[in-house]
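Visitor: I would like a close look at one part of this model, taken slowly and set in its surroundings. Please choose a helix pair and follow it outward from there.

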Amino acid sequence: MIRLVKVTKRYGDTEALKNVSLEIRRGDIFAVIGSSGAGKTTLLRIISMLDTEYSGEYYFDGVDTRKNQDGLRKRVTMVFQKPVMFNASVFDNVAYGLKIRGVGSREVKKRVEDVLRLVGLYDMRKKNAKKLSGGEQQRVALARALVLETDVLVLDEPTANLDAVNVQMIEGIIREITRDGVTVVMATHNLYQAKRLANTVAYLNSGELVEVGSVEQIFNSPNNERTKKFIMGETYY
Amino acid sequence: MTWEYIFKGIEGALGMIASFDVEVADIALRSVKVSGIAALMAAIIGIPVGVLLGISTFRGRDLLRSFFNGMLGIPTVVMGLILYLFLAPAGPLGSLKLLYTEMGISFGQMLLVLPIVVSFTANSIEGVEREIRELALTLGASRVEATLKVISEASAGVMLSVIAAFNRAIAELGIALMVGGNIFVREGALNTRVLTTSIQMYVARGDIDIAIALGIILLAIVFTITAISNFLQSRWVLR
């Protein structure tokens, strides 16, 4: 479904991603692990088509993303590490993507209310989203992405800085939606979370894709020494 | 002795306000009208320029931003002098016949407060630009829809810029005095006297009571506008 070929991203003289090639299959829960500054967010931004200034190729369902960026971007939704809220109610935040897709108001209401029930925020639908706690805002961000029913959900550290209750709740929602065949690409520096949720894991180190494999292979018998060190907690970050 | 002199002035001023002096009301209304038009014109020109500076990158953008930021602190007497030289009958814009007119003051004040609207608007846009744009894009917005969302999210800051512009305009003296000329004829149609010029004049004459009364009215207008703005913002930002 997603295929990156020799993708390199530079910020001035710094290479944030170096010749990254990978494939993500439909329905996969693909976790990108690595220490801070490894290039995880950069990779996710490219996959989400928010960053288009890179060298290399990116194919989405076999189509070169440079050729139909606006159309293909609608099939991928990213949830940022720091949830950004529109200055509007929880309901309006979640409804935004549907409204710009021209979905009718009755359908919008139904879908938004359904997804708010799923993330446990139905009773807060009239509250201003900016007034919610960090965990609640992250759930609004997730609901806003889920309601669109896009093919790919990209999650950048979806539970960073959240308490255990919210972590558990968000992980439960991720598990729930992947049953419907949604492809999830997530960055995390929490190895336990990758182990709990993912079926494929990629280890990124200083912009270099060191190893990609099944969750069992990466955690139990990594091929690369650097992956092994990272898994064993011997890489400092 | 000192305090008695001030208290007497305030007492006289309050009596004057309570008795609703028509002349004072006329001057106050003219101030609001002239500075309101200035703020409106600055908003019409400055908001699009501020939005452009906030959302786009082009050669010379930083220079333009620095220019408007620098103009924020221009002394009003210097601006008044420059405008006087331009608008005087022998000046390059003398044919507009704006000198010693209400519209002349509005025009001058508009130039004075334009940098406030431009800089505040650009700052408000920049404050939300990247994160709101990316959020809108990832939720499926087109580039135009994402830009509109950025502007809409910055609207509270844009509104604040217009309020700040009005407050700066109504409180300035240099332009109103040099371009307006502080003309006042009872029931005259061409009067240009506004609150700041009359305060200056009455203080110079030693009519402290009326100067204090006008000062209280000027402060009341500024505080009322600011209070309304704060109220609207609190409703707007966290509605």
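Guide: What follows starts from a helix pair in chain B, moves through its neighbours to the contact with chain A, and ends at a strand of chain A.

The model is a predicted one, and the setting of the pair is a chain built of 10 helices and 0 strands, so that is the place to begin. From the N terminus on, the elements of chain B read α-α-α-α-α-α-α-α-α-α, and the C-alpha trace of this chain spans about 65 × 45 × 35 Å along its principal axes. Of its 239 residues, 39% count as buried. Among the contacts in chain B that link residues at least 6 apart in sequence, 77% join residues at least 24 apart.Within this chain, helix α4(B), residues 76–87, packs against α5(B) at an angle of about 130°, and the two axes lie 10 Å apart. Two packed helices are described by the angle between their axes and the distance between the axes. The angle falls neither over 145 degrees nor within 65 to 115 degrees, which means that it counts as oblique, and α4(B) is accordingly oblique to α5(B). The crossing of α4(B) and α5(B) is right-handed. On the side of α4(B), the contact is made by T76(B), M79(B), G80(B), L83(B) and L87(B), while α5(B) contributes G104(B), G108(B), L111(B) and L112(B). Taken together, the residues of this contact comprise 5 nonpolar and 4 polar ones, with no charged residue.

One of these residues, L112(B), leads on to another helix, since L112(B) is touched by R168(B), as are V113(B) and I116(B), when residues up to four places away in sequence are not counted. R168(B) lies in helix α7(B), residues 155–171, and R168(B) is buried, because 21 other C-beta atoms lie within 10 Å, where 20 or more are required. R168(B) and A39(B) are separated by 129 residues in sequence, yet their C-alpha atoms are 9.2 Å apart in space.

Helix α5(B) also takes part in the meeting of the two chains, in which 15 residues of chain B are in contact with 19 residues of chain A. Both α5(B), residues 102–138, and α6(B), residues 143–153, supply at least two residues each to the side of chain B that touches chain A, and α5(B) provides the largest share of that side, with 6 residues. The side of chain B that touches chain A is made up of 7 nonpolar, 3 polar and 5 charged residues.

In chain A, strand β7(A), residues 152–156, offers a last stop, and 5 of its 5 residues are buried, so β7(A) is largely enclosed by the rest of the structure. In a regular strand the side chains alternate between the two faces of the sheet. In β7(A), V152(A), V154(A) and D156(A) point one way and L153(A) and L155(A) the other way, all of them buried. Strand β6(A), residues 76–79, runs parallel to β7(A) and is joined to it by 4 bridges, with T77(A) standing opposite L153(A). Strand β8(A), residues 183–188, is likewise parallel to β7(A), here through 5 bridges, and D156(A) stands opposite A187(A) of β8(A).

How values were computed:
Residues are numbered from 1 along each chain as its sequence is written. Chains are lettered from A and ligands numbered from 1 in the order in which they are written. This is a predicted model: local features need pLDDT of at least 70, side-chain atom pairs count only at pLDDT 80 or more; totals for chains, interfaces and linings use all residues. Two residues are in contact if their C-beta atoms, placed from the backbone, lie within 7 Å. Ala, Val, Leu, Ile, Met, Phe, Trp, Tyr, Cys and Pro count as nonpolar, Asp, Glu, Lys and Arg as charged, and the others, Gly among them, as polar. Axes are lines fitted to C-alpha atoms, for helices over the stretch in contact, and angles run from 0 to 180 degrees between N-to-C directions. Angles under 35 degrees count as roughly parallel, over 145 as roughly antiparallel, 65 to 115 as roughly perpendicular and the rest as oblique. A crossing is left-handed if the near helix is turned anticlockwise from the far one by less than a right angle, and right-handed if clockwise. A residue is buried if 20 or more other C-beta atoms lie within 10 Å of its own, exposed if 12 or fewer, and partly exposed in between; C-beta atoms are placed from the backbone. Two strands pair if DSSP finds at least two bridges between them.
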